[in-house]
Amino acid sequence: MGVSRLDVFYRRLLLTKLFIGGWGKPEDLKRIFEFRKIIGDRERCKSLVAEDYPVHIEKTEEHIDCQIHDGFFISPLEHLVPGILPPEAVKARFQFIVPKRWQKNRPVCIHLAGTGDHFFWRRRTLMARPMIKEAGMASLLLENPYYGYRKPKDQLRSCLKNVSDLFVMGGALILESTVLLRWLEREGYSPLGMTGISMGGYMASLAVTNWPKPIPLIPCLSWSTASSVFTTGVLSKAVNWTELEKQYAINSVYEEEIIKLLEYCGADSFKRARVLMNSPGGMDSLEHLLGLSGDDRVSVGQYSKAGGKAGPGPGLLFGGDPREGQAGDRVHHLFSSLKGTDTNLGSLPSFQTNKTVAGKKTESVKCFRPSLHHESISFMKGVMDECTHMANFSVPVDTSLIIVVQAKEDAYIPRTGVLSLQEIWPGCEVRYLNGGHISAYLFKQNVFRQAIYDAFNRFCLMYPNLL
């Protein structure tokens, strides 16, 4: 399946860059990754947010068909990881849109914001107000950290300054969603569910993994991880790779310390490679895994027999045919990645380790590393998977209540090369739309709303005792 031309064209119209500040403070990344291990486990999170966590309503507007309440509370993340949120984002703000007449029960759907969705007007106009008329369903719109009233003063529009900001946003929204779900339960609303479009779908998915009860989840135009979004999708062109590469090269803490904290850094591929290399015919299988053929295969053998150094074959790591250089990058990336695991390189077939391999970066090691750009992309994939990959979080209590809506030709959310949501959440339903990300957002809001109604109806049929 190809990608939408509209998605590609629309991205080219936007000239702003993402992550102009770089990766973020190494100390912040370390704190975030350690906290991710806690919120990734639902059982460990049960006591993080108090059952009676204070929520305040500060203003109510009367409309013909609904009431609109503006409320706020202090983000629990500020208490659990002090100082990680910018001061402007500490106060979580929301808008609660309640029908004056309920059709059946008192259902509420929490909507998390997608990229560029500041304040509440867009979700209120395109989703919440139509849901009042169509289904008598209330909507709670939570404002994302770094957006709207919660946007740092030095941030340009929607462009997050640091890579770490996205992870802080995710951790905050998981905890803030728990606050709101518990508050809605206390107020007697039921059933409750969560949705979001694009980035909002990712964040809603993360939040539901933390909720200890069955709950409808409707992620629209999102998938299993954000790593592909920023490394292979059209948004990768907007990433400020120059600054990221510069920081990665200068500060060794990223490679020597932070990468050790990652639990999902492409480990599946490297573990598979390790098994292949130690099995009969393993090198042939490894070459197939890397997508090598012909002269490239000779280079793999030369690489392993030379103790990780390039043999006489042309273009393995530098010079020669550019295609051969790419093969060399893949080969060296594999071996250098194995160094960071528990693999004993000396035990690999015909692979003699070098003393410089396990130590600090030396000139010879630098010469045989992949290009800095490739390393930065690999590190980006690792940190993104660590904090956004659904396989790093608990499986929702009832996956049959999940309806995913995806665009077949989505250029923003690549599905190739990553685990599918069906593999991670067996039993979930995936509905595909023709077209790409932008066209679906502009013209398929009614499809998103119908998926919400279907998921809520499914909950009512399956759990009438919880209403």
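A residue is called buried when its relative accessible area is under 20%, exposed when that value is over 50%, and partly exposed in between. Keep this in mind as you move through the structure, which is a predicted model.

**The whole chain**

Begin with the protein chain in a cartoon view, where you can look for 19 helices and 9 strands. Of the 467 residues in the chain, 56% are buried. If you consider the contacts with a separation of 6 or more, 77% of them are between residues 24 or more positions apart.

**Stop one: Asn105 and the strand after it**

Select Asn105, which you will find in the loop between β3 and β4. Is Asn105 buried, partly exposed or exposed? Its relative accessibility is 31%, and therefore Asn105 counts as partly exposed. The backbone deserves a look here too, since phi of Asn105 is near 55°, a positive value in a residue that is not glycine.

Now follow the chain into strand β4, which covers residues 108–112 and has 5 of its 5 residues buried. Show the side chains and turn the strand slowly: Val108, Ile110 and Leu112 are on one side, Cys109 and His111 are on the other, and all of them are buried.

Next, display the two strands that pair with β4. One of them is β5 (residues 138–142), which pairs with β4 in the parallel sense over 5 bridges, and within this pairing Val108 stands opposite Ala138. To get from β4 to β5 the chain passes through helix α4 (residues 121–135), and this β-α-β crossover is right-handed. Another partner is β6 (residues 192–197), which also pairs with β4 in the parallel sense over 5 bridges, and here Leu112 stands opposite Gly196.

**Stop two: the aromatic rings**

The structure holds 14 aromatic pairs. A pair of aromatic rings is described by the distance of the centres and the angle of the planes. Select Phe94 and Trp183, whose rings form a tilted pair with 5.7 Å from centre to centre and 55° between the planes. Because Phe94 lies in strand β3 (residues 91–99) and Trp183 in helix α5, this pair ties together parts that are 89 residues apart in sequence. Both Phe94 and Trp183 are buried.

Keep Trp183 selected and add Phe96, and you will see an edge-to-face pair with 5.8 Å between the centres and 70° between the planes. Phe96 lies in strand β3 as well, so its pair with Trp183 in helix α5 ties together parts that are 87 residues apart in sequence. Phe96 is buried, as is Trp183.

Now widen the selection to Tyr53, Phe73, Phe94, Phe96, Trp102, Trp183 and Tyr189, which form one aromatic cluster. While Tyr189 is on display, add Arg106, whose charged end sits over the ring of Tyr189 at 4.2 Å from its centre. A little further along the chain, select Ser190 and Pro191, which are joined by a cis peptide bond with omega about -5°. Pro191 belongs to the loop between α5 and β6.

**Stop three: helix α2**

Move to helix α2, residues 26–39, whose 14 residues reach 20 Å from the first C-alpha to the last, close to the 20 Å expected at 1.5 Å a residue. Which residues of α2 are buried? They are Pro26, Leu29, Ile32, Phe33, Phe35, Arg36 and Ile39. An α-helix has 3.6 residues a turn, so residues three or four places apart point the same way. Display α3 (76–80), α5 (163–186), α9 (253–256) and α16 (372–388) together with α2, since the buried residues of α2 pack against these helices. Before leaving, look at Arg36 again: its charged end sits over the ring of Phe393, 5.6 Å from the centre of that ring.

**Stop four: Leu221 and Ser227**

For the last stop, select Leu221 in the loop between β7 (217–220) and α7. Leu221 is not a glycine, and yet it has a positive phi of about 60°. Its relative accessible area is 0%, so Leu221 is buried.

Then go on to Ser227, which is in helix α7 (residues 227–231). Ser227 has a relative accessibility of 1% and therefore counts as buried. What is Ser227 in contact with, leaving aside its neighbours within four places in sequence? Select Lys381, Met384, Asp385 and Thr388 to see these contacts of Ser227.

Key
Residues are numbered from 1 along each chain as its sequence is written. This is a predicted model: local features need pLDDT of at least 70, side-chain atom pairs count only at pLDDT 80 or more; totals for chains, interfaces and linings use all residues. Side-chain values use heavy atoms; hydrogens and water are left out. Helices (H or I, at least four residues) and strands (E, at least two) are DSSP runs, numbered from the N terminus. The expected span of a helix is 1.5 Å times one less than its number of residues. Buried means under 20% relative accessible area, exposed over 50%, partly exposed in between (1.4 Å probe, protein chains only). Contact means heavy atoms within 4.5 Å. Rings of Phe, Tyr and Trp (its six-membered ring) pair if their centres lie within 6.5 Å; planes under 30 degrees apart count as stacked, over 60 as edge-to-face and the rest as tilted. A charge sits over a ring if NZ of Lys or CZ of Arg is within 6 Å of the ring centre and within 35 degrees of the ring normal. Two strands pair if DSSP finds at least two bridges between them. A crossover is right-handed if, with the strands pointing away from the viewer, the path from the first strand over the helix to the second runs clockwise.
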